[in-house]
Amino acid sequence: FSDTVHGLSALPEPLGAMIQAGISQGRLPQVLDHYARLERVQSEIHRRIRLSLAYPTVLMVIMTVLSFLAYNYITLTFEKIFLEFGVNIPDLTIFVLYASRILPWIFAGITLVLIAIPVLISGIIVMRYITPTVYRIPVFGPLLTTMKMAQLTRWMEIFLSNGIPMPFALRFTAAGLHDGFSSGGWVGARV
């Protein structure tokens, strides 16, 4: 079985295994339909995540630009006026001036995080290089864990229901996860 799957090396390993299982079980159309549904579901999840982050990201980009403009053209002007008059500045004014220096950088950081999340999820940065630390990030970590567990159960269901032996199903599922951290335990699994 393993040798035949390696003969389909031009395809991703999980897809090659599915094709081989479909051929050997005489159910190739059903297996490919199952695979296509799995890919559609994953694409839809990624699309929804990107869309749900689009509005806050655009809003944060606008806020970042506006806060940098306000700092450069308003805050610096007021600081210069206060220094020229040589008066003692009230504590609240000092706080506002200090906050206006930091706020653009905070907005820029939040914007970068909002941009990074869909980039990571969409796979532009290869998922196998995600470290265990990413799984501990609030909101994003549990979301990624849930996605990977759903993906794992779908892959295993497809492989096992199509007659692929458990050790091969585990290995192909791990390859299909595209994530070294979540698939690491499945590669060496034995039945």
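**Salt bridges, nonpolar cores and helix packing in the predicted model**

Four salt bridges are present in the structure, which is a predicted model. Side chains of opposite charge can pair when their charged atoms come close.

One of these salt bridges links Asp33 to Arg37, with the closest N and O atoms 3.3 Å apart. Both residues belong to helix H3, which spans residues 28-85, and because they are four residues apart in that helix, about one helical turn separates them. Asp33 is partly exposed, its relative accessible area being 37%. Arg37 is likewise partly exposed, at 40% relative accessibility.

Further along H3, Glu44 pairs with Arg47 in a salt bridge that has an N to O distance of 2.7 Å. Arg47 and Glu44 are three residues apart in helix H3, so they are separated by about one helical turn. Glu44 also forms a salt bridge with Arg48, where the closest N and O atoms are 2.9 Å apart. Arg48 and Glu44 are four residues apart in helix H3, again about one turn of the helix. Through these shared partners, Glu44, Arg47 and Arg48 are joined by salt bridges into one network. Within this network, Glu44 is partly exposed at 27% relative accessibility, and Arg47 is partly exposed at 37%. Arg48, by contrast, has a relative accessibility of 57% and counts as exposed, because the cut-off for exposed residues is over 50%.

Attention then turns to the interior. The largest nonpolar core comprises 17 residues, of which Met18, Trp155, Phe159 and Ile164 touch the most other members. Two or more residues of this core come from each of helix H2 (13-25), H3, helix H5 (140-161) and helix H6 (166-177). A second core, separate from the largest one, contains eleven residues, among them Met60, Leu114, Ile117 and Met147.

Leu114 is also a contact partner of Thr57, which touches Leu114 and Ile115 when residues up to four places away in sequence are not counted. Thr57 is located in helix H3. With a relative accessible area of 13%, Thr57 is buried, because this value falls under the 20% cut-off.

Helix H3 also packs against H5, with the two axes 10 Å apart and at an angle of about 170 degrees. The two helices are therefore roughly antiparallel to each other, since angles over 145 degrees are placed in that class. On the H3 side, the contact is formed by His34, Tyr35, Leu38, Glu39, Val41, Gln42, Ile45, His46 and Ile49. These residues meet Leu143, Met147, Gln151, Arg154, Trp155, Glu157 and Ile158 in H5. By class, the contact of H3 with H5 is made up of nine nonpolar, four polar and three charged residues. Two of the H5 residues in this contact, Trp155 and Met147, also appear in the nonpolar cores: Trp155 is a member of the largest core, whereas Met147 belongs to the second core of eleven residues.

Conventions: Residues numbered from 1 in each chain as written. Predicted model: local features only at pLDDT ≥ 70, side-chain atom pairs only at ≥ 80, totals over all residues. Heavy atoms only, no water. Salt bridge = Lys/Arg side-chain N within 4 Å of Asp/Glu carboxyl O. Buried < 20%, exposed > 50% of the residue type's maximum accessible area, 1.4 Å probe, protein only. Core = buried A, V, L, I, M, F, W, Y, C linked by side-chain atoms within 4.5 Å. Contact = heavy atoms within 4.5 Å. Axes fitted to C-alpha atoms, helices over the stretch in contact; angles between N-to-C directions. Parallel < 35°, antiparallel > 145°, perpendicular 65-115°, else oblique. Nonpolar A, V, L, I, M, F, W, Y, C, P; charged D, E, K, R; others polar.
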